[in-house]
Amino acid sequence: LFRSPCFPSLVHSSMKILHISAECYPVAKAGGLGDVVGALPKYLCALGMSSAVILPKYALRWVKEHRFIEDYHGTIRLHDRHLPFTIEREIDDTLGFPLFVANIPDLFERDGIYASPEGYGYDDDVSRWLGFQQAVLQWVAQFWEKPKILHCHDHHTGLIPFMVKYCPEYRALKDLPTILTIHNGAYTGAFSWRHIDKMPLFEAHARNLLDWADTIHPLASAIRCAWRVNTVSPGYLDELKAPDSHLNWLLNNEWHKSSGILNGIDAQVWNPATDPLIAHRFDGDINRFKAANKAAICQRFRLDPELPLVTFIGRLVSEKGADLLPGVIERALENNAKMAFLILGTGDPALKRAFYALRDRFFWHFDASIEYNESLAHQLYAGSDFLIMPSRIEPCGLNQLYAFRYGTIPIVRSVGGLRDTVRDWSEENPRGIRFDHFSTDDALHALYRASLLYHDEQTLTGFRKRIMDLNFSWEKSAEAYIALYKGVSSPL
Ligand code: GLC
């Protein structure tokens, strides 16, 4: 670690938007949140909206392999614990935008983001996220030149809009606009009021703005206190406002400051013509590109290359609908479906066992790689015929957008961002296959339609061409964020 030689204001003055997040690819990624926070700032910077990111300093590989320089040091208080911390900046600006990490060893010097590599969640999450938010605000409060906007992502940073408004310690930030992006409303960060002593002091009259359902509720508090709130697709906002959503009352109440902005993808990282992680790059011939990459997968896994290949990539959790798959695949293969299936992802140990059992039964038709493996994921997008996403909830979904780019046809449940981005085969200019109900029968029917599509060569090629030509790059969505920023802070 190096000590900063330069006057702090020089480092901070080129930072209009500060993104505060638990994840940022490639530093730390557990899911789509990491992808978004790793890409959006880059595209914002390219459009002239200088942006930086701060996340906790985890003991992860990327962090260990890069050099950091100290920018600030201080102490935070969590009830009766006083924890020293430093804020450090990555020296080489590897990501194309300034990257800062909050080094709070007691809370984050661990080899996982939310859980250990063996899958055990950390039991001090309340302290971890409260500590992170306090460290960030203490650091920003002493800037000579403040950022124009604090952009908070998900519940881990959800108490920041409240803290800047109501904690005397951060009075210097009182008028700073805050934005909350909800990547996933299913995780709220709610915790018991018995942890109240870990909060920094706040104005007593504001207490209600922390409370929701008798808990301290970071997500609800952010929805109320942030200047603007957005979800990562317009469809997901509608779902969160619907009567069966736990956030419906709040979001309907705050409708005037809420919007949906569809995520983009990092078209530099996800480029089939240059991707170093795939066996064969795209040179203009779609069918050859698909066939060569599929052959590479089928060689590595025990799968028959003659069959249409349906892949699932993602966390094995109920939100992503992974638990529907063992039953669906078993029924399809018991009925001699001429298809091959491949699973890549980690999560629920029971699902892992179910997938291993299928592997033993359906040689050449089924295989699974139970791991998080970013480079293998690239190869699977390139070489699969279909990508299945049976999500129960999908705030945006990026995997269907990666699949488009690599000519892989998505089979998705009609929910949230999947409904917003995937047009069904029965519609004009289709982009994939959709099914409505979270049921084995509906998913099986979608697979049946996929096999029909696969065997109609002309339609298949037309489909592949159309989806590869789509442009879901961040440029458009970054413009939408800039419009959002301009609505709360002018001039920018
Ligand atoms: C979360 C959501 C996913 C979204 C991603 C990025 O992981 O589950 O749908 O695409 O965040 O916003």
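**Strands and ligand shell in a predicted model**

Author: Glutamate 70 has its place in strand E4. The model discussed here is a predicted one.

Reader: Why is glutamate 70 counted as buried?

Author: Buried means under 20% relative accessible area. Glutamate 70 has 8% relative accessibility, and therefore counts as buried.

Reader: What makes strand E4 mostly covered?

Author: Strand E4 spans residues 68-78, and 8 of its 11 residues are buried.

Reader: How do you know that E4 and E5 are paired strands?

Author: Pairing requires at least two bridges between two strands. E4 and strand E5 (residues 81-90) are joined by 10 bridges and run antiparallel, so the requirement is met. Within this pairing, glutamate 70 has glutamate 88 of E5 as its bridge partner.

Reader: What lies between E4 and E5 in their hairpin?

Author: There are 2 residues between the two strands of the hairpin. Histidine 79, in the turn, has a positive phi of about 55°.

Reader: What makes E11 a paired strand, and which strands are its partners?

Author: The same cut-off of at least two bridges applies. Strand E8 (residues 178-182) is joined to strand E11 (residues 228-231) by 4 bridges, in parallel, with threonine 181 opposite asparagine 230 of E11. E11 also pairs with strand E12 (residues 258-260) over 3 bridges, in the parallel sense, and there threonine 231 has glycine 260 of E12 as its bridge partner. Both counts satisfy the cut-off, so E11 is paired with E8 and with E12.

Reader: Which residues are the closest to the ligand?

Author: Of the 14 residues that surround the ligand, the closest are His183, Asn263, Glu394, Cys396 and Gly397.

Reader: How do you know that histidine 183 makes a polar contact with the ligand?

Author: A polar contact is a pair of N or O atoms within 3.5 Å. A polar side-chain atom of histidine 183 lies 2.6 Å from an oxygen atom of the ligand, so this pair qualifies. For glutamate 394, an N or O atom of the side chain is 2.5 Å from a ligand oxygen atom. For cysteine 396, a polar backbone atom is 3.0 Å from an oxygen atom of the ligand. These two distances also fall within 3.5 Å, and the pairs are therefore polar contacts.

Reader: How much of the ligand does the protein bury?

Author: The protein buries 95% of the 310 Å² that the ligand exposes when taken alone.

Reader: What is the make-up of the shell around the ligand?

Author: The shell residues divide into 6 nonpolar, 5 polar and 3 charged.

Conventions. Residues numbered from 1 in each chain as written. Predicted model: local features only at pLDDT ≥ 70, side-chain atom pairs only at ≥ 80, totals over all residues. Heavy atoms only, no water. Near = heavy atom within 4 Å. Polar contact = N/O pair within 3.5 Å; in protein donor to acceptor, adjacent residues only side chain to side chain. Areas by Shrake-Rupley, 256 points an atom, 1.4 Å probe, with all protein chains shown as cover. Nonpolar A, V, L, I, M, F, W, Y, C, P; charged D, E, K, R; others polar. Buried < 20%, exposed > 50% of the residue type's maximum accessible area, 1.4 Å probe, protein only.
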